[in-house]
Amino acid sequence: MSTLAHTMMTAARSADSGLAGPGELDRYPYTEAHGADRVVAPAWESADQELGRVGRRAAGSRGRGLHGQLVQQLGQMIVSGDLGADRPLVPEEIGQRFEVSRTVVRESLRVLEAKGLVSARPNVGTRVRPVSDWNLLDPDIIEWRAFGPQRDDQRRELSELRWTIEPLAARLAAGHGREEVQQRLSDMVEIMGHALAQGDSITFTRADAEFHSLLIQVAGNRMLEHLSGIVSAALQVSGGPVTGCDRPTEASLTHHARIVDALSSGDGPAAEAAMRQLLTVHPEVERVVPAPREH
């Protein structure tokens, strides 16, 4: 096993146990909680019992701090529909129910406004905005939708989006052969292989997310590069067998390796075809997009 593989697998297991991993591996995204752990109160009126006392909790919500935790709670409630469109959000009421300061409430509402979830206007106050105004490509909103009542729609939409983005990125990446990136992609496949052999799904997921993010970044298209975070979020919140990346399998590993081989030889069409095969491992996807043609 390479040094990188050993380090990454050790870090993943440390993260799973609640311990900080070493160095740069802390930045790798991976699933932190099951959907059941993200369920919020069914109504605003009961939120103080289920979600209150935010300030007294241990640091959570991915270490975002106090206002980040409040953003997480309010965001989940808006996306789930517990706080419907045009619902007024009174800062004083929020502060009382969640036992946080006005400053924390104000910062949290600003974050939600930047995501398109709420709007603040003079003489009107802060209100929940309709879904059509949300930034649906925001990684937080992707996560909140994926663990809420819209999870089936979110999974389908993410699959369709990935099918649009990633085959093209794979084709373009074959024409931008940077040796250090090629090696990194190979390392990710090696790590995924060791993780699969040891039944380590966390490490597999982390390496998988890194693989797809790198592939998009090396495609040489800056607009596509800005979508790499969306693909990473999709890999973390799919919630079921939608594509070949959702769980460690030999088929998934084989397709990832085929992509690397095609990139190494500069074969764009082969890289694109391998990516399409990867994204069409499960029958559910075939109902969304056509299976790749055999040449």
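## Strand pairing

In this predicted model, residue L89 has T126 of β3 as its bridge partner. Strands β1 and β3 (residues 125–128) run antiparallel and are joined by 2 bridges. They belong to an open sheet of 3 strands, arranged in the order β1-β3-β2 with antiparallel pairing. Because β1 (88–89) and β2 (118–121) each have a single partner strand, they stand at the edges, and one side of each is left without a neighbour in the sheet.

In general, the strands of a sheet pair through backbone hydrogen bonds, in either a parallel or an antiparallel manner.

## Overall composition

The protein contains 14 helices alongside its 3 strands. Of its 295 residues, 47% count as buried. The exposed area is about 14400 Å², of which carbon and sulfur atoms supply 49%. Among contacts with a separation of 6 or more, 68% are between residues 24 or more positions apart.

## Helix α8

Helix α8 comprises 20 residues (179–198). At 1.5 Å a residue this helix should span 28 Å, and its end C-alpha atoms are 29 Å apart, so the expected and modelled values agree. The buried residues of α8 include the nonpolar residues V181, L185, M188 and V189. Q182, R184 and D187 are also among its buried residues. After the helix comes G199, which has a positive phi, near 70°.

## Nonpolar cores

The largest nonpolar core has 28 residues, and the members touching the most others are L185, F211, L215, I259, L263 and M275. Two or more residues come from each of α7 (151–173), α8, α9 (201–217), α12 (250–264) and α13 (268–278). The greatest contribution is that of α8, with 8 residues.

F211 illustrates the contacts made by one of these core members. Leaving aside residues up to four places away in sequence, F211 touches L185, M188, V189, H256, I259 and V260. Of these, L185, M188 and V189 are buried residues of α8. A second, separate core of 21 residues includes V105, L112, L117 and W134.

## Confidence of the model

The average pLDDT of the protein is 75, and 69% of the residues score at least 70. The pLDDT is below 50 over residues 239–244, a stretch that has 24 contacts in the model beyond near neighbours in sequence. Residues 282–295 also have a pLDDT below 50, with 22 contacts in the model on that basis.

Note on methods:
Residues are numbered from 1 along each chain as its sequence is written. This is a predicted model: local features need pLDDT of at least 70, side-chain atom pairs count only at pLDDT 80 or more; totals for chains, interfaces and linings use all residues. Side-chain values use heavy atoms; hydrogens and water are left out. Helices (H or I, at least four residues) and strands (E, at least two) are DSSP runs, numbered from the N terminus. The expected span of a helix is 1.5 Å times one less than its number of residues. Buried means under 20% relative accessible area, exposed over 50%, partly exposed in between (1.4 Å probe, protein chains only). pLDDT is the predictor's confidence in each residue, from 0 to 100. Contact means heavy atoms within 4.5 Å. A nonpolar core is a set of buried Ala, Val, Leu, Ile, Met, Phe, Trp, Tyr and Cys residues joined through side-chain atoms within 4.5 Å. Accessible areas come from the Shrake-Rupley method with a 1.4 Å probe; for residues, only the protein chains shown count as cover. Two strands pair if DSSP finds at least two bridges between them.
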